[in-house]
Amino acid sequence: MEKKVLVIGEIRDGALRNVSFEAVSAAKTIADGGEVVAALFGDVICEQSIEMIHNGADRVVKVEHADLKSYTTDAYQQAILQVLDIEKPEAVVMGHTAIGKDVSPRLAVKLNAGLVSDVVAIENVDGEPVFTRPIYSGKAYEKKQVEEGVVLATIRPNNILVLETDSSRIGEIRSVQVEIKNLRTVIKEVVRKSTGKVDLSEAKIIVSGGRGVKSIEGFKALEELAEALGAAVGASRGACDAGYCDYSLQIGQTGKVVTPDLYFAIGISGAIQHLAGMSNSKVIVAINKDPEAPIFDVADYGIVGDLFEVLPLLIKEMKSVAVG
Ligand code: FAD
């Protein structure tokens with residue numbers, strides 16, 4: 001039987017998050033030649049539908065409702081469940097984002113489905129998906145399969161390659177009406193705390209600072225380097241606790257989990273809880289004055305030195321490369 005896999009896309013500030021395209025790519029592997037349907041939720045959905053088709057979805061179901069303007073658990077759960085009831089897919093894929101992490105366990109309970117969360121790779125073994133996910137804060141990986149019922153998976157951003165965009169692809173885009181009622185929460189206003197221009201969880205390059213940066217002013221230098229690189233700024237909990245930056249920048253076990261192509265750890269010791277959030281980065285560059293700092297155990301490139309001497313040189317060099 002041909003499989004149908006539903007992808008729940010994520011729209012933020014009117015644009016699809018990149019993880020939505022990664023979820024389409026994951027869904028293709030799971031569908032094993034079957035159909036990939038993208039479901040989009042929001043108050044107004046325009047070009048995002050066709051973008052999903054250009055990036056691999058076979059068709060799109062869009063759900064527009066005033067109560068879906070901002071994410072709330074109640075409204076999204078109700079809307080998604082109604083779409084699932086219409087589509088009846090064999091599998092559902094979404095990003096392992098704040099939204100995915102919040103709604104997926106609720107969907108799993110309602111559907112009595114097996115949920116595999118934080119997936120970093122998927123392979124097709126005899127037509128069935130086998131999911132790879134990190135365990136023990138990224139120190140080991142396990143492979144998981146759902147043996148019966150609907151398969152639910154959340155995928156970690158920046159791990160699954162997106163398909164090549166093909167703007168000649170066509171597919172049906174259908175509007176579906178849903179009923180949303182008994183909301184317990186209403187979003188009145190969204191106040192952004194993060195100052196970064198690049199979204200931390202999807203950034204390709206991250207410049208992260210720790211307690212070694214020593215002050216709010218020290219953190220500004222990191223922002224300068226990030227700007228030159230088109231990177232997002234992150235932080236250790238040490239830096240957040242010290243008040244050098246906002247907690248929304250914290251990376252680690254109790255912060256965000258990131259997998260950029262390039263991660264700068266500047267004045268960060270490399271505590272196990274920090275490594276849990278960044279050790280899967282593709283290339284890690286550490287700057288620390290202590291040659292014994294554990295961050296060097298995971299770093300691909302290490303600079304042993306005073307960050308206040310190294311950082312200005314790095315910023316100068318990066319700016320000249322960016323200009324040249
Ligand atoms: P420090 O450990 O103080 O390291 C500062 C580093 O800067 C040192 O290595 C030092 O050599 C270097 N340095 C100082 N001056 C300079 C200089 N001039 N030039 C170059 N290098 C310099 N931490 C997280 O990051 N994320 C989490 O999510 C997280 N969750 C946690 C959850 C729990 C339950 C617990 C118990 C802890 C958690 N922590 C987390 C805290 C973690 O254990 C560490 O305390 C924290 O990561 C340390 O931050 P840091 O590396 O910035 O500071």
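I take contact to mean heavy atoms within 4.5 Å. The model I am reading is predicted.

**Entry 1: Met52 and the cores**

I began with Met52. Leaving out residues up to four places away in sequence, I find that Met52 touches Val7, Gly9, Leu16, Ser20, Phe21, Val24, Ala38, Leu40, Ala57 and Val60. I then looked up the largest nonpolar core, which has 30 residues. Met52, Val93, Phe131 and Ile155 are the residues with the most contacts inside this core. I listed the elements that each supply at least two of its residues: strands S1 (4-8), S4 (35-42), S6 (91-95), S7 (114-119) and S11 (151-155), with helices H1 (18-31) and H2 (48-54). H1 gives the most, with eight residues. I also recorded a second, separate core of 25 residues, which includes Val207, Leu222, Ile266 and Leu314. As background, nonpolar side chains tend to be buried together in soluble globular proteins.

**Entry 2: Val61**

I placed Val61 in strand S5 (residues 59-64). With a relative accessibility of 1%, Val61 counts as buried. Its contacts, again without residues up to four places away in sequence, are Val37, Ala38, Ala39, Leu40, Val83, Glu87, Arg174 and Val176. I also checked Val61 against Lys28: they are 33 residues apart in sequence, and their C-alpha atoms are 17 Å apart in space.

**Entry 3: Helix H3**

I looked up two residues of this helix. Gln77 is found in helix H3 (residues 73-87), and Thr73 is found in H3 as well. Gln77 counts as buried at 13% relative accessibility; Thr73 is buried, with a relative accessible area of 18%. Beyond neighbours within four places in sequence, Gln77 is in contact with Val103, Arg106, Leu107 and Lys110. On the same basis, Thr73 is in contact with Asp102 and Arg106. The side chains of Thr73 and Asp102 are joined by a polar contact of 2.6 Å.

**Entry 4: Cysteines**

How many disulfides does a search of the whole structure find? I recorded zero. I then asked why Cys240 and Cys245 do not form one. The sulfur of Cys240 has its closest cysteine sulfur in Cys245, 3.9 Å away, and this is too far for a bond. The cut-off I applied is a pair of cysteine sulfur atoms within 2.5 Å. Read from the other side, the closest cysteine sulfur to that of Cys245 is in Cys240, also at 3.9 Å. Cys240 is buried, with a relative accessible area of 3%, and Cys245 is buried at 14%.

**Entry 5: Ligand**

I counted 26 residues surrounding the ligand. The closest are Arg211, Ser236, Thr254, Ser269 and Asn288. Helices H6 (237-241), H7 (272-278) and H9 (307-323) each supply at least two residues of the shell around the ligand. I then went through the polar distances. A nitrogen atom of the ligand lies 2.9 Å from a backbone N or O atom of Ile251. In the side chain of His274, an N or O atom is 2.9 Å from an oxygen atom of the ligand. In the side chain of Asn288, an N or O atom is 2.7 Å from an oxygen atom of the ligand. Finally, I noted that the ligand taken alone exposes 980 Å², of which the protein buries 76%.

Notes:
Residues are numbered from 1 along each chain as its sequence is written. This is a predicted model: local features need pLDDT of at least 70, side-chain atom pairs count only at pLDDT 80 or more; totals for chains, interfaces and linings use all residues. Side-chain values use heavy atoms; hydrogens and water are left out. A nonpolar core is a set of buried Ala, Val, Leu, Ile, Met, Phe, Trp, Tyr and Cys residues joined through side-chain atoms within 4.5 Å. Buried means under 20% relative accessible area, exposed over 50%, partly exposed in between (1.4 Å probe, protein chains only). Helices (H or I, at least four residues) and strands (E, at least two) are DSSP runs, numbered from the N terminus. A residue is near a molecule or strand if one of its heavy atoms lies within 4 Å of it. A polar contact is a pair of N or O atoms within 3.5 Å; within protein, one must be able to donate a hydrogen and the other to accept it, and residues adjacent in sequence count only if both atoms are side-chain atoms. Accessible areas come from the Shrake-Rupley method with a 1.4 Å probe; for residues, only the protein chains shown count as cover.
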